[in-house]
Amino acid sequence: MQIATWNINSLTVRLPQVLAWLATNPVDALGLQELKLTDDKFPHDAFKELGYEAVALGQKTYNGVAILSRHPMRDVVRNIPAFGDEQARVIGATLDTPSGPLRLLNGYFVNGQEPGSEKFAYKMRWLQALQDMVRAEMAAHPGLVLVGDFNVAPEDRDSYDPVGLRETIHHTTEERNHFQALLALGLTDAFRMFDQPEKAYSWWDYRMLGFQKNRGLRIDHILVSEALKPRVTACVVDRVPRKNPQPSDHAPVVVTMS
């Protein structure tokens with residue numbers, strides 16, 4: 001079984017790329033972020049042709065998340081309960097897989113702009129609310145996977161310039177503490193369960209040959225609960241789509257479970 005996450009930075013622009021990737025990488029489920037379209041524009045039929053059911057939470061121009069699944073989905077939740085938010089950032093569903101139910105949460109985490117800004121303060125409030133949500137979800141669903149664009153580089157090795165970027169956005173102590181708090185709930189960073197290449201990233205700036213020079217960050221993550229951890233056999237970043245013409249600035253991350 002494979003679950004993937006991918007910030008595609010506009011589904012309208014990159015639908016052909018997503019469909020092509022799924023055709024050659026038929027994962028069981030895919031969490032998409034930054035759809036940048038409203039629910040009525042979501043291309044359900046295109047995904048159905050590839051065998052995927054979809055649930056989405058869209059928003060015009062910004063944000064937006066979706067889950068694509070080859071398995072039936074139920075108990076869909078949209079955004080964080082008890083956290084008033086007009087931004088479309090979280091979607092969750094239970095997948096009825098052949099090996100039993102699996103709870104999948106997909107998030108487009110707040111960017112935060114810069115430390116000290118109001119957007120950063122919003123990010124801190126949002127992360128705390130998400131932590132509360134995940135705690136409740138894990139109590140109800142032992143087999144849980146949290147995926148998404150976290151907009152956090154958890155460790156220095158997740159950044160191309162950890163010294164020069166220290167305490168800047170994605171690298172602050174506050175953001176990293178929130179990431180660790182999610183792990184403390186009983187989640188494990190699937191990517192770090194395995195030996196990985198040095199300088200392994202999932203996002204590269206469009207500017208200044210960021211991808212070509214591998215000036216990237218690892219900010220797209222897949223966290224698995226203790227019940228699922230023994231089943232995890234691999235987790236990789238697929239850099240191939242980042243080489244496409246007009247690519248997303250993110251690459252898919254894929255976890256494989258037995």
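## Buried loop residues, helix α1 and a six-stranded sheet

Asparagine 151 counts as buried because its relative accessibility is 4%, below the 20% cut-off. The model is predicted. Asparagine 151 is located in the loop that lies between β8 and α4. Although asparagine 151 is not a glycine, its phi is positive, at about 55°.

Glutamate 34 likewise is not a glycine and has a positive phi of about 55°. Aspartate 158 is a further buried loop residue. The table lists the three residues.

| Residue | Loop | Relative accessibility |
|---|---|---|
| Glutamate 34 | between β2 and α2 | 13%, buried |
| Asparagine 151 | between β8 and α4 | 4%, buried |
| Aspartate 158 | between β8 and α4 | 0%, buried |

The side chain of aspartate 158 forms a polar contact of 2.7 Å with the side chain of arginine 218. When neighbours within four places in sequence are set aside, the residues in contact with aspartate 158 are Ala153, Arg192, Tyr201, Gly216, Leu217 and Arg218.

### Helix α1

Helix α1 comprises 14 residues, 11-24. From its first C-alpha to its last, the helix reaches 18 Å, close to the 20 Å expected at 1.5 Å a residue. A kink of about 30° is centred on glutamine 17, and Gln17 is itself among the buried residues of α1. The others are Leu11, Arg14, Leu15, Val18, Trp21 and Leu22. The elements covering these buried residues include the strands β1 (2-7), β2 (29-33), β4 (65-69) and β14 (253-257), together with α2 (44-48).

### The six-stranded sheet

Six strands form an open sheet with mixed pairing, in the order β5-β6-β7-β8-β12-β9. The edges are occupied by β5 (73-78) and β9 (187-189); each has a single partner strand, so one side of each lacks a neighbour in the sheet. On average, neighbouring strands are turned by 20° against each other, direction ignored.

Within this sheet, β7 (residues 100-108) and β8 (residues 144-149) run parallel and are joined by six bridges. Leucine 104 has valine 145 of β8 as its bridge partner.

Two helices pack on the sheet. Helix α3 (residues 118-140) touches β5, β6 (90-97), β7, β8, β9 and β12 (220-225), and its direction makes about 175° with that of β7. Helix α4 (residues 173-184) touches β8, β9 and β12, and its direction makes about 125° with that of β9.

Terms used:
Residues numbered from 1 in each chain as written. Predicted model: local features only at pLDDT ≥ 70, side-chain atom pairs only at ≥ 80, totals over all residues. Heavy atoms only, no water. Expected span 1.5 Å × (residues − 1). Bend = angle between axes of the 7 residues up to and from the residue. Buried < 20%, exposed > 50% of the residue type's maximum accessible area, 1.4 Å probe, protein only. Contact = heavy atoms within 4.5 Å. Pairing = 2+ DSSP bridges. Axes fitted to C-alpha atoms, helices over the stretch in contact; angles between N-to-C directions. Polar contact = N/O pair within 3.5 Å; in protein donor to acceptor, adjacent residues only side chain to side chain.
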